[in-house]
Each structure stands twice: as structure tokens, then as C-alpha cells.
Amino acid sequence: MRQVHESLASETPPALYALAEKMHTTTGGFAAYDYAKCVWLGQPNRDQRLAGEHPWPTRARDGQQYVYSVPVLAAVSPDLETVLYVGKDNWKSPSDPNAWLVAESNLFTGREVEHRVLTSSVDAGQQLWLQLAPRNFENMPLPMRAALYRQPRSEQIGLSAQLDGQYHTRFATLREGFRRQTRYEDYEALESMITMVRSIKEAHAEARRQQLKMEAYRYALGQHSLALAS
């Protein structure tokens with residue numbers, strides 16, 4: 001509660017709130033978001049998404065057909081203003097890097113990046129690690145590519161998450177070696193915040209707007225606490 005009051009007093013909105021507000025105030029601010037929902041993310045309601053209301057992307061890789069029928073994660077990073085999709089082919093081994101599909105999309109530019117997965121593992125505790133290729137991978141000399149597979153995990157670009165028994169998760173961390181770590185949370189939180197910000201803008205009385213804004217701040221900070229605790 002103290003964190004909520006400090007944030008309101010400083011008038012610095014939580015990142016999730018700021019992102020939803022920017023989407024409302026930017027011309028065409030929902031175009032890339034709506035596209036990502038159709039192509040990657042599926043239903044913002046997580047229960048509906050896990051019940052099957054999501055895309056099933058397919059890829060042909062190394063002479064095999066992959067169908068990414070498991071919606072491992074559909075998430076957002078408010079700080080980077082991007083959404084992240086992770087899917088898995090339910091009929092392929094989790095140790096097969098091609099069994100995983102990882103893609104990001106910027107919510108304002110619409111720029112998409114589909115990551116190449118170099119190695120993958122799910123340990124006995126259902127901890128996921130996907131080693132991702134650097135963006136210049138295709139232009140790297142073969143010896144440099146080979147060296148990536150021998151890197152210690154602490155130096156790799158990778159995605160980590162705690163999975164449940166069905167290969168689903170609510171949170172993930174994208175790690176770029178020692179340089180940066182980005183937390184992603186299920187994008188259901190963003191959809192809820194978009195609705196809250198819309199209610200604030202539609203409220204006529206200032207007192208009501210401030211009340212709704214406080215509730216939205218509490219929600220955003222609560223989601224952040226859940227992400228840090230996961």
C-alpha cells in the first residue's frame with residue numbers, strides 16, 4: 001500500500017498504466033496490438049486462451065512440420081512496449097529447439113522479431129531455458145556460431161520461465177547476458193489496464209477520475225509485485 005501512495009504522490013504512473021494511456025492517446029495506438037492478438041497472442045482472457053482460443057502458428061524446419069498448438073505465454077513488457085509470444089509444438093520434445101516459437105512485436109511500430117532458438121531445456125522442476133540467437137546470427141562466421149553453443153548460460157541470450165505441467169506460464173524473463181533483463185507478464189494485465197484507462201477517460205466527475213486512477217495504479221503495482229515474486 002505504501003508503494004501505491006508514493007507512486008500517486010510523485011505523479012509518476014506505473015509502466016503498465018503509462019503504456020495503456022499511451023495507446024489511448026496515440027493515433028492508431030491499437031493497430032499493432034490488435035494485429036498481434038490475431039496473429040500471435042490469442043484471447044486476452046487467459047482462461048479462454050488456454051481453453052483453445054489462440055492462433056496455431058506453423059513452421060517448416062529441417063524437413064519437419066511444426067505446429068505450435070501450446071500457448072506457453074502471451075505477454076507484455078510495459079517498459080519495452082512490446083508483446084512476447086512463446087508457443088510449443090505439443091508433439092515434439094522440449095529439448096528440440098525447433099519445438100519452440102518465440103516472437104516479439106512492438107506495440108507502436110508493429111516491428112516483429114521472430115527469435116531463432118539455439119538450444120532448449122525443461123528441467124525436472126519445469127524450469128524453462130531457451131537460448132536465443134543474436135540478431136546477427138545469420139551473418140556470423142561458422143566458428144563464431146559454433147562458439148555460441150558453448151557459452152555459459154550467464155553469457156547467453158535466453159528466455160527463462162517457470163512452467164506448469166501443461167507448459168504454460170504467466171511470467172518470463174528475457175536475459176541478454178549481463179547487459180539487460182526484461183520481465184514479461186501475461187498480457188491479460190494490459191487488456192485490463194486498457195479498460196481501466198478507458199473508464200477514467202469516460203468519467204465526468206474529477207473525483208471519480210481520481211478514484212479510478214488510484215485503483216488503476218494499485219492494479220498496475222500489484223501486477224508488478226506478482227511478476228517480481230514469480
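Two strands count as paired if DSSP finds at least two bridges between them. The exercises below apply this to a predicted model.

**Exercise 1. The hairpin**

Task: Determine how β1 and β2 pair, over how many bridges, and which residue between them has a positive phi.

Solution.
- Step 1. Locate the strands: β1 covers residues 58-61 and β2 covers residues 64-67.
- Step 2. Apply the criterion. At least two bridges are needed for a pair, and β1 and β2 share four, in the antiparallel sense.
- Step 3. Pick out one bridge: Arg59 has Tyr66 of β2 as its partner.
- Step 4. Inspect the connection. Two residues lie between the strands of this hairpin, and Asp62 adopts a positive phi near 50°.

**Exercise 2. Strand order in the open sheet**

Task: Give the order of the nine strands in the open sheet, and state which strands stand at the edges.

Solution.
- Step 1. Reading across the sheet, the order is β6-β5-β4-β3-β11-β10-β9-β8-β7, and the pairing is antiparallel.
- Step 2. The edges are formed by β6 (112-115) and β7 (117-122); each has a single partner strand, so one side of each lacks a neighbour in the sheet.
- Step 3. From one strand to the next, the twist averages 20°.

**Exercise 3. A path through bridge partners**

Task: Start at Thr119 and find its bridge partner in β8, then continue through β9 and into β10.

Solution.
- Step 1. β7 and β8 (residues 127-132) run antiparallel and are joined by five bridges. Thr119 is partnered by Gln131 in β8.
- Step 2. Between β8 and β9 (residues 157-162) there are six bridges, again with antiparallel strands. Here Gln131 has Gly158 as its partner in β9.
- Step 3. β9 connects to β10 (residues 171-176) through four bridges, and these strands also run antiparallel. Opposite Gly158 stands Arg175 of β10.

**Exercise 4. Helix α3 and its faces**

Task: Identify the strands that α3 touches, and decide how its buried residues are distributed around its axis.

Solution.
- Step 1. Helix α3 (residues 31-41) packs on the sheet and touches β3 (70-77), β4 (82-88), β5 (100-106) and β6. The direction of α3 makes about 5° with that of β4.
- Step 2. List the residues under 20% relative accessible area, the cut-off for buried. In α3 they are Ala32, Tyr33, Ala36, Lys37, Trp40 and Leu41.
- Step 3. These residues cover an arc of only 140° around the axis, so they lie on the same side of α3.
- Step 4. Ala31 and Cys38, on the other side of α3, are exposed.
- Step 5. After α3 comes Gly42, with a positive phi near 80°.

**Exercise 5. The buried face of α2**

Task: List the buried residues of α2 (residues 15-25) and explain why they line one face.

Solution.
- Step 1. The buried set consists of Leu16, Tyr17, Leu19, Ala20 and Met23.
- Step 2. Viewed down the axis of α2, this set falls within an arc of 165°, and therefore lines one face of the helix.

**Exercise 6. The whole chain**

Task: Judge how compact the protein is from its radius of gyration, then describe its extent, burial and contacts.

Solution.
- Step 1. The protein has seven helices and eleven strands.
- Step 2. Its radius of gyration is 19 Å, close to the 17 Å from the globule rule for 230 residues, so the protein is as compact as a globular protein of that length.
- Step 3. The C-alpha trace spans about 65 × 35 × 35 Å along its principal axes.
- Step 4. Of the 230 residues, 45% count as buried.
- Step 5. Among contacts with a separation of 6 or more, 54% come from residues 24 or more positions apart.
- Step 6. The accessible surface is about 11900 Å², and carbon and sulfur atoms contribute 51% of it.

Note on methods. Residues numbered from 1 in each chain as written. Predicted model: local features only at pLDDT ≥ 70, side-chain atom pairs only at ≥ 80, totals over all residues. Heavy atoms only, no water. Axes fitted to C-alpha atoms, helices over the stretch in contact; angles between N-to-C directions. Contact = heavy atoms within 4.5 Å. Rg over C-alpha atoms; globule rule 2.2 N^0.38 Å. Buried < 20%, exposed > 50% of the residue type's maximum accessible area, 1.4 Å probe, protein only. Areas by Shrake-Rupley, 256 points an atom, 1.4 Å probe, with all protein chains shown as cover. Arc of directions from axis to C-beta.
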